[in-house]
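Please look over the sequence and the three-dimensional view below before reading on. The paragraphs that follow are meant to be read with both at hand.

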Amino acid sequence: QVQFVESGGGLVQPGGSLRLSCVVSGSIFRIYDMGWYRQAPGKQRELVARINSGGNTHYSDFVKGRFTITRDNDKKTVYLQMKSLQPDETAVYYCNGGNSGNEYWGQGTQVTVSS
């Protein structure tokens, strides 16, 4: 019943920006801790950013100062604003979230950074 649906991925030039969205349905979104992860071919999935139910954020060191995670509880949506994208950040970006040990994942959205 709980569904996470990502959107906003696509092709962007190095140095460009994208905003990813994750719309959550079938849950009380406001109590969920949320996050964004990414996985490139041949690499492990890695944490990009988190935002908890209180709005506190955490970023992996490699995106600090360039990416911003936000949430809109009325829209049941979490966003990832990505700036100054680099080619090695090409990956499938996944939305993750849950509460009290119950975690859910979206299907992912492809981000390709290439000139």
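The text goes from the whole chain to one linked pair of residues, then to a hairpin, and ends with a single arginine.

What is shown here is a predicted model, and it is best approached first through its overall make-up. The secondary structure of the protein chain consists of eleven strands and zero helices, so that a reader who follows the sequence from its start meets the pattern β-β-β-β-β-β-β-β-β-β-β. The radius of gyration is 13 Å, close to the 13 Å that the globule rule gives for 115 residues, and the chain is therefore as compact as a globular protein of that length. Along the principal axes, the C-alpha atoms fill a box of roughly 40 × 25 × 25 Å.

Some further totals describe how the protein chain is packed. Of its 115 residues, 41% count as buried, while the chain as a whole exposes about 6300 Å², of which carbon and sulfur atoms supply 43%. When contacts between residues at least 6 apart in sequence are considered, 53% of them join residues that are at least 24 apart.

One covalent link deserves a closer look. A search of the whole structure finds one disulfide, and this is formed by Cys22 and Cys95, whose sulfur atoms are 2.1 Å apart. Because Cys22 lies in strand 3 (residues 18-25) and Cys95 in strand 9, the pair ties together parts that are 73 residues apart in sequence. The link of Cys22 and Cys95 is left-handed, with -85° about the S-S bond, and both of these cysteines are buried.

The surroundings of Cys95 fill out this picture. Cys95 is found in strand 9, which covers residues 91-99, and its relative accessible area of 0% means that it counts as buried, given that the limit for this is under 20%. Leaving aside residues up to four places away in sequence, Cys95 touches Cys22 and a number of others, among them Phe4, Glu6, Met34, Trp36, Val78 and Tyr104. The C-alpha atoms of Cys95 and Gly9 are separated by 12 Å, although these two residues are 86 residues apart along the chain.

Strand 9 also takes part in a hairpin. It runs antiparallel to strand 10 (residues 102-105), and four bridges join the two. Within this arrangement, Gly98 stands opposite Glu103 in strand 10. The hairpin has two residues between the strands, and Ser100 takes a positive phi near 55° in it.

The last stop is Arg38, which has its place in strand 4 (residues 33-39). Is this residue buried or exposed? Its relative accessibility is 7%, and because buried means under 20%, Arg38 counts as buried. Which side chains, then, make polar contacts with the side chain of Arg38? One is the side chain of Glu46, at 2.7 Å, and another is the side chain of Glu89, at 3.2 Å. Both glutamates also appear among the residues that Arg38 touches once those up to four places away in sequence are set aside, and the list further includes Gln44, Arg45, Val48, Phe62, Phe67, Ala91 and Tyr93.

Conventions:
Residues numbered from 1 in each chain as written. Predicted model: local features only at pLDDT ≥ 70, side-chain atom pairs only at ≥ 80, totals over all residues. Heavy atoms only, no water. Buried < 20%, exposed > 50% of the residue type's maximum accessible area, 1.4 Å probe, protein only. Polar contact = N/O pair within 3.5 Å; in protein donor to acceptor, adjacent residues only side chain to side chain. Contact = heavy atoms within 4.5 Å. Disulfide = S-S within 2.5 Å. Rg over C-alpha atoms; globule rule 2.2 N^0.38 Å. Areas by Shrake-Rupley, 256 points an atom, 1.4 Å probe, with all protein chains shown as cover. Pairing = 2+ DSSP bridges.
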